[in-house]
Amino acid sequence: MRGLFITLEGGDGAGKSTQITNIESFFGSKGLVVVHTREPGGTHIGEKLREILLDKGNGEMQDVTEMLIYAASRAQHVRELIIPALEEGKVVICDRFTDSSIAYQGYGRELGKQVAEVNARATGGLQPDITFWLDIDPETGRRRAGKAGELDRLELEQLDFHYRLYDGYKALLEKYPERIKRIDASRSIDEMRDEIYAYLEELCAARGL
């Protein structure tokens with residue numbers, strides 16, 4: 001039986017890491033094997049590409065270059081880690097996936113539809129079973145991210161960039177309402193967890209888990 005593919009999306013400071021831990025606990029309590037991974041990254045090659053993408057010293061990186069490096073990392077990730085784990089019946093929880101590229105490069109960098117086209121090739125059309133978008137306004141998110149530690153190359157972008165990618169997430173939610181679930185990230189950690197758990201219970205019931 002194919003495993004479950006779950007992704008978390010959201011701007012900086014939305015609290016994805018905490019909720020990923022909660023989701024791991026949810027499936028662990030059901031005795032399922034969980035694989036936690038991230039993008040960019042997830043594989044040896046992907047982590048090397050992550051360093052390039054997030055390095056503040058790479059300010060001269062062209063927008064199309066950025067898009068293609070993300071897609072290259074994802075292509076490796078899907079084939080080396082995600083698909084094999086799903087074929088083994090595992091639950092794969094991924095911090096960001098294709099939706100991030102559409103939001104960040106398609107909307108934030110204003111590269112448009114080509115981002116989705118490139119990533120369809122990179123993923124072979126793989127889509128998550130469910131995606132949680134942790135919705136937080138860009139200004140609040142940036143303040144939280146700044147308090148959490150040093151900001152990377154993308155986090156340091158001007159606020160108008162972050163508002164464009166926020167618009168991208170809203171457009172994705174409207175386009176894929178069955179897959180993407182909006183979680184209000186301005187609430188408490190426990191309130192967010194409880195709503196996510198309710199969606200996961202529905203998903204498990206539908207899959208007979």
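## A tyrosine at the edge of a cluster

Tyrosine 197 has a relative accessible area of 22%, so this residue counts as partly exposed. Keep in mind that you are looking at a predicted model. Tyrosine 197 joins Phe26 and Phe27 in one aromatic cluster.

## Aromatic pairs

How many aromatic pairs does a search of the whole structure find? There are seven. One of them is made by phenylalanine 5 and phenylalanine 97, whose rings sit edge-to-face, 5.0 Å centre to centre with 85° between the planes. Phenylalanine 5 belongs to strand 1 (residues 4–9), while phenylalanine 97 is in the loop between strand 3 (91–95) and helix 4 (98–108), so their pairing ties together parts 92 residues apart in sequence. Are these two rings buried or exposed? Phenylalanine 5 is buried at 0% relative accessibility, and phenylalanine 97 is buried too, at 1%.

Now back to the tyrosine we started with. Phenylalanine 26 and tyrosine 197 form a tilted pair, with 5.1 Å centre to centre and 45° between the planes. Because phenylalanine 26 lies in helix 1 (residues 16–28) and tyrosine 197 in helix 8 (residues 189–207), this pair ties together parts that are 171 residues apart in sequence. Phenylalanine 26 is buried, at 5% relative accessible area, whereas tyrosine 197 is partly exposed.

## Charges over rings

Two arginines are worth finding in your viewer. The charged end of arginine 74 sits over the ring of phenylalanine 97, 5.5 Å from the ring's centre. Likewise, arginine 179 places its charged end over the ring of tyrosine 176, 4.9 Å from the centre.

Conventions. Residues numbered from 1 in each chain as written. Predicted model: local features only at pLDDT ≥ 70, side-chain atom pairs only at ≥ 80, totals over all residues. Heavy atoms only, no water. Phe/Tyr/Trp six-rings, centres within 6.5 Å; stacked < 30°, edge-to-face > 60°. Helix = DSSP H or I, 4+ residues; strand = E, 2+ residues; numbered from the N terminus. Buried < 20%, exposed > 50% of the residue type's maximum accessible area, 1.4 Å probe, protein only. Lys NZ or Arg CZ within 6 Å of the ring centre and 35° of its normal.
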